[in-house]
Amino acid sequence: MNILEKYLENNRKVEIELVTEDKVIQTERTGFYKVTPEKYIIYKPQNKTKYKENQNVKILVYSDAGIFVFKTKIISLNSKLIEINKPENYKIVQRRELLRAELSIPFILNANGKRQRFNTKNISGSGFSFYSNDIINKEEDIEIQLNFRERKIISKIKIVEIRKNLKADLPRYRYSVKLLSLNKADENYIIKLCIVNNIQNVNI
């Protein structure tokens with residue numbers, strides 16, 4: 001019995017996510033039902049996603065030790081349960097590795113009465129970085145609007161670092177900023193986006 005199975009045996013209500021490998025990735029929460037010598041059995045999410053036999057899926061198991069990630073295949077299913085093959089291997093991704101993602105999110109920066117458009121280089125629940133050829137005063141009162149597909153997030157920011165780029169193919173400056181006025185819902189939205197993005201990019 002490996003560390004994943006030991007964890008599952010002792011934590012029946014652990015949350016997992018199924019990520020179907022169709023044209024649209026669908027992430028859903030459910031739970032483990034049973035571990036057997038040959039397979040894992042999970043509760044079927046009660047939604048409109050059409051799972052089927054021989055479908056390839058990615059499983060995410062959240063634990064205190066990190067997030068277990070593995071690919072497998074659906075063996076059989078009924079209205080309540082899904083049987084999946086035991087994985088040949090898996091990875092454990094530490095939560096701290098998931099809190100920042102290399103995502104290009106368009107945003108508007110308002111400073112000193114001037115509106116400028118940029119894209120993030122990376123982002124987390126506490127801040128992000130971006131490139132610009134312009135010098136932006138660190139002491140200015142700056143507000144940004146992050147334009148995600150599903151929502152717009154407005155926050156005051158503080159520039160915490162400015163680096164000068166030496167590569168000719170990049171803008172002259174890289175700015176690192178801290179988000180100052182996020183509400184908890186917006187912070188959780190960004191963190192979840194980072195986790196999903198990094199999990200999907202884990203190579204197994």
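Colleague: Which residues does Leu-146 touch, not counting residues up to four places away in sequence?

Modeller: First, a friendly note: this is a predicted model, where local features need pLDDT of at least 70, side-chain atom pairs count only at pLDDT 80 or more, and totals for chains, interfaces and linings use all residues. Residues are numbered from 1 along each chain as its sequence is written, and side-chain values use heavy atoms, leaving out hydrogens and water. Contact means heavy atoms within 4.5 Å. On that basis, Leu-146 touches Ile-105, Pro-106, Phe-107, Thr-120, Ile-123, Phe-128, Arg-151, Lys-152, Ile-153 and Ile-190.

Colleague: Which element gives the largest share of the largest nonpolar core?

Modeller: A nonpolar core is a set of buried Ala, Val, Leu, Ile, Met, Phe, Trp, Tyr and Cys residues joined through side-chain atoms within 4.5 Å, and buried means under 20% relative accessible area, exposed over 50% and partly exposed in between (1.4 Å probe, protein chains only). The largest one has 26 residues, and Leu-146 is among those with the most contacts inside it. Strands E9 to E14 and helix H2 each supply at least two of its residues; helices (H or I, at least four residues) and strands (E, at least two) are DSSP runs, numbered from the N terminus. The largest share, four residues, comes from E14.

Colleague: How many residues does the other core have?

Modeller: This core lies apart from the largest one. Ile-59, Val-61, Phe-70 and Ile-84 are among its members, and its size is 15 residues.

Colleague: Why is the pair of Phe-118 and Phe-130 called tilted?

Modeller: Rings of Phe, Tyr and Trp (its six-membered ring) pair if their centres lie within 6.5 Å; planes under 30 degrees apart count as stacked, over 60 as edge-to-face and the rest as tilted. The whole structure holds 12 aromatic pairs. In this one the centres are 5.0 Å apart, and the pair is tilted because the planes meet at 45°.

Colleague: How many residues apart in sequence are the parts that this pair ties together?

Modeller: Phe-118 is buried, with a relative accessible area of 11%, and Phe-130 counts as buried at 0%. Phe-118 lies in strand E10 and Phe-130 in strand E11, so the pair ties together parts whose separation in sequence is 12 residues.

Colleague: Is Ile-3 buried or partly exposed?

Modeller: Ile-3 is found in helix H1 (residues 3-10). Beyond its neighbours within four places in sequence, Ile-3 is in contact with Phe-68, Tyr-90 and Ile-92. Its relative accessibility is 46%, so Ile-3 counts as partly exposed.
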